[in-house]
Amino acid sequence: MEDEASRNYSRKLLAYSLIINILFAFIACYAMWHWQNLRVQINRLSDSYRKLEQELNLTRTQMEYYKKQAEYYSSLISSGAATTGIIGHASIPIVAVRAIQKGFTIQYEGVVMTVDVELREGKGRILVNTIPKIGIDVQTSVVTAVKVAENITGISLGKTDVVLTIKASREVNIVDGPSAGGAITVALIAAIRGEKINKTVYMTGTINNDGSIGPVGGVAEKALAAAANGSKVFLVPKGQSRIVIYVPRESHPFPGLTIIRYEKKIVSLQDYLRKAGYSIAVKEVGSIKDAYAEFTG
């Protein structure tokens, strides 16, 4: 009887032990699954924060530009003092940033387009055309560019229609139209003077009513697009030859848990392009006169 009781006790103990082990294994699996999900969510939040910061930087530069131009908008309209119109043409490459929707996040990519500037005898109108459909706002920039080009050349476009055609390889949604203002102004001056533009020089920067070049966002993305398209010189506004990049850093607070955070790092744009495999000179320009000299020198 004692042997039978002992065996029954052993069986019960083994059963309890098996149940407890299965329970602990289930809890461990659940905890591991929970930690994996938590890691994925933390990584997604970190990446989303980085993308949101990029978007805010782009928006901030545009809002600052529009605010400044609105203050002087009434003074940026051609006076119409010219007696005859001007005939001219110039073409220049421009770079911009397009938004790409991927799931719940937005990514940014540089894109290269071409701007054709045609001057015709007319009534001082500014006509903007895009081929194909391009979501880009350059109207304010072109009005400013016309005023600056008149000041630089000393020639009024009051009797000249400015026809601007922006060409892209496909339909794109551009998020920073004002950043093409500097390049458009260069093309306008070249069209008035009948001078040629060096197509290996690319530029990003807004145009201000005093002829200065204003800051922009997405410099790294634009520079990469320009370099990939054969640019040898890339012009940026003063102070923007050094850029902010985001470097992924892994941390392991618990066994089996990996968290990726993106840390800011300031680097030289020229070194950044070199590491990407491109040999291109990056130069800062503070005024449209400096930029024009690079394009025509």
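Start at Asn208, which sits in the loop between strand 8 (206-207) and strand 9 (213-214). The model is a predicted one. Asn208 has a relative accessible area of 6%. Buried means under 20%, so Asn208 counts as buried. The side chain of Asn208 has a polar contact, at 3.0 Å, with the side chain of Ser212. Ser212 precedes strand 9 (213-214), and the loop holding Asn208 runs up to that strand.

Now move to helix 2, residues 139-153. Its 15 residues, at 1.5 Å a residue, should span 21 Å. The C-alpha atoms at its ends are 21 Å apart, so expectation and model agree. Eleven of these 15 residues are buried, so helix 2 is largely enclosed by the rest of the structure. Among the buried ones are Val142, Val143, Ala145, Val146, Val148 and Ala149. The buried set also includes polar names: Thr140, Ser141, Thr144, Glu150 and Thr153. Just after the helix comes Gly154, with a positive phi of about 75 degrees.

Next, the antiparallel strands. Strands of a sheet pair through backbone hydrogen bonds, in either a parallel or an antiparallel sense. Strand 1 (residues 88-102) and strand 2 (residues 105-121) run antiparallel, joined by 15 bridges. One of the pairs sets Gly88 against Leu119 of strand 2. The two strands form a hairpin with two residues between them. In that hairpin, Gly103 takes a positive phi near 65 degrees. Strand 2 also pairs with strand 5 (residues 160-167). This pairing is antiparallel too, with eight bridges. Here Val117 has Leu164 of strand 5 as its bridge partner.

A parallel arrangement appears elsewhere. Three strands form an open sheet in the order 7-10-13, with parallel pairing. Strand 7 (201-203) and strand 13 (281-285) stand at the edges. Each has a single partner strand, so one side of each is left without a neighbour in the sheet. On average, neighbouring strands of this sheet are turned by 25 degrees against each other, direction ignored. Strand 10 (residues 233-237) pairs with strand 13 over five bridges, in the parallel sense. In this pairing, Phe234 is matched with Val282 of strand 13.

Helices pack on this sheet. Helix 4 (residues 219-228) touches strand 7 and strand 10, and its direction makes about 160 degrees with that of strand 10. Helix 6 (residues 288-296) touches strand 7, strand 10 and strand 13. The direction of helix 6 makes about 155 degrees with that of strand 7.

Finally, look at the nonpolar interior. The largest nonpolar core has 47 residues. Ile92, Met113, Val117, Ile166, Ile184 and Leu188 touch the most other members. Strand 1, strand 2, helix 2, strand 5, helix 3 (181-193), strand 7, strand 10 and helix 6 each supply at least two residues of this core. Helix 3 gives the largest share, nine residues. Val117 therefore appears twice in this account: as a bridge partner of Leu164 and as one of the core residues that touch the most other members. Met113 touches, among others, Ile92, Pro93, Ile94, Ala96, Ile134, Ile136 and Ile166, not counting residues up to four places away in sequence. A second, separate core holds 18 residues, including Tyr202, Ala227, Ile245 and Val247.

Conventions. Residues numbered from 1 in each chain as written. Predicted model: local features only at pLDDT ≥ 70, side-chain atom pairs only at ≥ 80, totals over all residues. Heavy atoms only, no water. Helix = DSSP H or I, 4+ residues; strand = E, 2+ residues; numbered from the N terminus. Buried < 20%, exposed > 50% of the residue type's maximum accessible area, 1.4 Å probe, protein only. Polar contact = N/O pair within 3.5 Å; in protein donor to acceptor, adjacent residues only side chain to side chain. Expected span 1.5 Å × (residues − 1). Pairing = 2+ DSSP bridges. Axes fitted to C-alpha atoms, helices over the stretch in contact; angles between N-to-C directions. Contact = heavy atoms within 4.5 Å. Core = buried A, V, L, I, M, F, W, Y, C linked by side-chain atoms within 4.5 Å.
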